[in-house]
Amino acid sequence: MDRRDVLRLSAVAGASGALTLGAVSFADAAPAAGGSGPEPAGGPPSGSGGGEQTRKVTGHLTTGAPDFVYLPVEVPHGVREIAVAYSYDKPAVPQGTPGNACDIGIFDERGTELGGAGFRGWSGGARTEFFLRADDATPGYLPGPVNAGTWHIALGPYTVAPQGLTYEVTITLRHGPPGHTPAPVYPPERARGRGRAWYRGDNHLHSVYSDGKRTPAEIAALARAAGLDFITTSEHNTTSAHRAWDGLWGDDLLVLTGEEVTTRNGHVVAMGTDPGVFIDWRYRARDNAFGKYARAIRRAGGLVIPAHPHATCIGCNWKFGLNDADAVEVWNGPYTPDDEVTLAEWDNTLVAHARGGASWLPAVGHSDAHRDPDVVGHPQTVVWADDLSRRAIQDGIRAGRVWIAESSKIDLAFSVTGERGEHAGIGERLAVARTSQVTARLTVSGAPGCAVSFVTDQGTVYATPLPPSGTGTVSWQTTPDHAAYIRAEVRHPATTPGLPGPMAALTNPVFLDGRD
């Protein structure tokens, strides 16, 4: 297929950029016992019997290939397991030019319709082979019946080198009894907690169920060691990990289910969606489809949180705007200039709300931890909630009753008070006379060597170092005439000329509602 054909077919498919190839049929070959197909991760089912069939498909995609290339597979009756292996070439490319990268997943006989029921798994570029059957599947894929019909292997040519991308896909069908799919065990929506309190969590984490290297058990242990009260499992474009936490939650750890919806124009954490609910990712900003899927996240009980909006990796930069978001991830992993840009962009959105305009967007922070040396809980979102439950934690985030810390070693309290004892905490509004004096007060512990600053709609208006112990209280006074809101930052000393020091902690704002 030449470049013109690819572009033509992509245009016919619409802005989503999908292309369907010719179907692979197994009808003309009888299953052979002891066939020589590739051995999938996890091995063949014991006592499966019935033999297997294998087909290999090769092809070439040029630059300008559509986002998704579907390879139909005609699955006959009597198949117990589907196993897929794939490879593609990686030719040398000039410096600064993306090379080949191709993702993979699969849809069952129910089809590839956007948001439809056919999704059965996605491993992106993290694996070169996978299998699925009724009782088991490779991490990233959903166990379930292998019904007869047209399945689709989904290739995602993420980037294509100037020389094009040559691929090979090997499909093996193993015949035998269908097997039984065990009922999934999902985490409960509530843990014991401490009643109304500040709870620490990390809502952006990856395990072996997408492109991470840690097991859920390892993540749970690291979360407890980091002093976290809740976490969210957020694998790339799959819900397969939702059933993988059995026995890992407890009175001390709430495990929420979710997904990192990883599109070609940015990633969004669907935080706390109902277990097993899949949110599609096969669209770009130009398709004007994100609002539909943001509503799907909310219908599933989740929050819409754009992740690392200014990350520099291909496809990571957020292009969908913030109108459909519930919060925004302003701090992702170790604090970098990307986070500084996101923080400044977010701060610019606060003025409209402070002056009685649109609703405001709370800031959160997550680790996005994948593997060593990524630190679970660096940073962590600290939420004031009525209890340790999915709804209470989400309500706290939605209301902006949130601050962010690099670790549980840091604690803080931030409030603004008026001349007559009026009081407002993080995420709240303080209604006082426009010219009356208000006092912002921040108490910090566990931040040695750091400095505190207060930020308003005029920028950073006051900064002072903490005592050497890293524990102290800092106060500053202003009026609503001079500050539409006040928020606090705790930073380490600067390490890069021209840039502020890395963040140790930051709060969401207190808004000042000045009255005449």
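**Exercise 1. A small sheet**

How many bridges join strand 15 to strand 16, and do the two run parallel or antiparallel? Work out the answer, then describe the sheet around them and the helix beside it.

*Solution.* Keep in mind throughout that this is a predicted model.

Step 1. Start with the pair itself: strand 15 and strand 16 are joined by 5 bridges, and they run antiparallel. As background, strands of a sheet pair through backbone hydrogen bonds, in either a parallel or an antiparallel way.

Step 2. Pick out one bridge. Val 268 has Pro 306, in strand 16, as its bridge partner.

Step 3. Now widen the view. The open sheet has 3 strands in the order 14-15-16, with antiparallel pairing. Strand 14 and strand 16 are the edge strands, since each pairs on one side only. From one strand to the next, the twist averages 25 degrees.

Step 4. Add the helix. Helix 3 lies across strand 15 and strand 16, and its direction makes an angle of about 130 degrees with strand 16.

**Exercise 2. One aspartate, two arginines**

Find the salt bridges that Asp 67 forms with Arg 264 and with Arg 284, and say which parts of the chain they link.

*Solution.* A helpful idea first: side chains of opposite charge can pair when their charged atoms come close.

Step 1. Check the distances against the cut-off, which is a nitrogen within 4 Å of a carboxyl oxygen. For Arg 264 and Asp 67, the closest N and O atoms are 3.3 Å apart, and the pair is a salt bridge. Arg 264 sits in the loop between strand 14 (259–263) and strand 15 (266–271), while Asp 67 sits in the loop between strand 3 (52–61) and strand 4 (68–75), so this salt bridge ties together parts that are 197 residues apart in sequence.

Step 2. Do the same for the second partner. The closest N and O atoms of Asp 67 and Arg 284 are 2.7 Å apart. This pair also links distant parts of the chain: Arg 284 is in the loop between strand 15 and helix 3 (290–299), 217 residues from Asp 67.

Step 3. Compare with the surface. Buried means under 20% relative accessible area. Asp 67 has 6%, so it counts as buried. Arg 264 is buried too. Arg 284, at 22%, is partly exposed.

**Exercise 3. A salt bridge from helix 3**

Which residue does Arg 298 pair with in a salt bridge, and how far apart are the closest N and O atoms?

*Solution.*

Step 1. The partner is Asp 326, and the closest N and O atoms are 3.2 Å apart.

Step 2. Arg 298 lies in helix 3 and Asp 326 in the loop between strand 16 (303–307) and strand 17 (328–332), so the pair connects parts 28 residues apart in sequence.

Step 3. Arg 298 is partly exposed, with a relative accessible area of 34%, whereas Asp 326 is buried at 13%.

Step 4. Look at the whole picture. The count comes to 26 salt bridges. Some share partners: Glu 52, Glu 81, Arg 133, Asp 135, Asp 136 and Arg 174 are joined into one network in this way.

**Exercise 4. Sorting the cysteines**

Which cysteines are joined by a disulfide? Then decide where Cys 102 stands.

*Solution.* A disulfide is a covalent bond between the sulfur atoms of two cysteines.

Step 1. The count is 1 disulfide. Cys 313 is joined to Cys 316, with a distance of 1.8 Å from S to S. The link is left-handed, with -110 degrees about the S-S bond.

Step 2. Its two ends can be placed by accessibility: Cys 313 is partly exposed at 40%, but Cys 316 is buried at 5%.

Step 3. Cys 102 is in no disulfide, and the nearest cysteine sulfur, that of Cys 316, is 17 Å away. Cys 102 is buried, at 1% relative accessibility.

**Exercise 5. Backbone details in one loop**

Which peptide bonds leading to Pro 373 and Pro 379 are cis or trans, and what is the phi of Asp 368?

*Solution.*

Step 1. From Asp 372 to Pro 373 the peptide bond is cis, with omega near 5 degrees. From His 378 to Pro 379 the bond is cis as well, with omega near 0 degrees.

Step 2. Locate them. Pro 373 is in the loop between strand 18 (363–366) and strand 19 (380–385), and Pro 379 is in the loop between strand 18 and strand 19.

Step 3. Asp 368 is also found in the loop between strand 18 and strand 19. Its phi is positive, about 55 degrees, although Asp 368 is not a glycine. Asp 368 is buried, with a relative accessible area of 12%.

Conventions. Residues numbered from 1 in each chain as written. Predicted model: local features only at pLDDT ≥ 70, side-chain atom pairs only at ≥ 80, totals over all residues. Heavy atoms only, no water. Salt bridge = Lys/Arg side-chain N within 4 Å of Asp/Glu carboxyl O. Helix = DSSP H or I, 4+ residues; strand = E, 2+ residues; numbered from the N terminus. Buried < 20%, exposed > 50% of the residue type's maximum accessible area, 1.4 Å probe, protein only. Pairing = 2+ DSSP bridges. Axes fitted to C-alpha atoms, helices over the stretch in contact; angles between N-to-C directions. Contact = heavy atoms within 4.5 Å. Disulfide = S-S within 2.5 Å.
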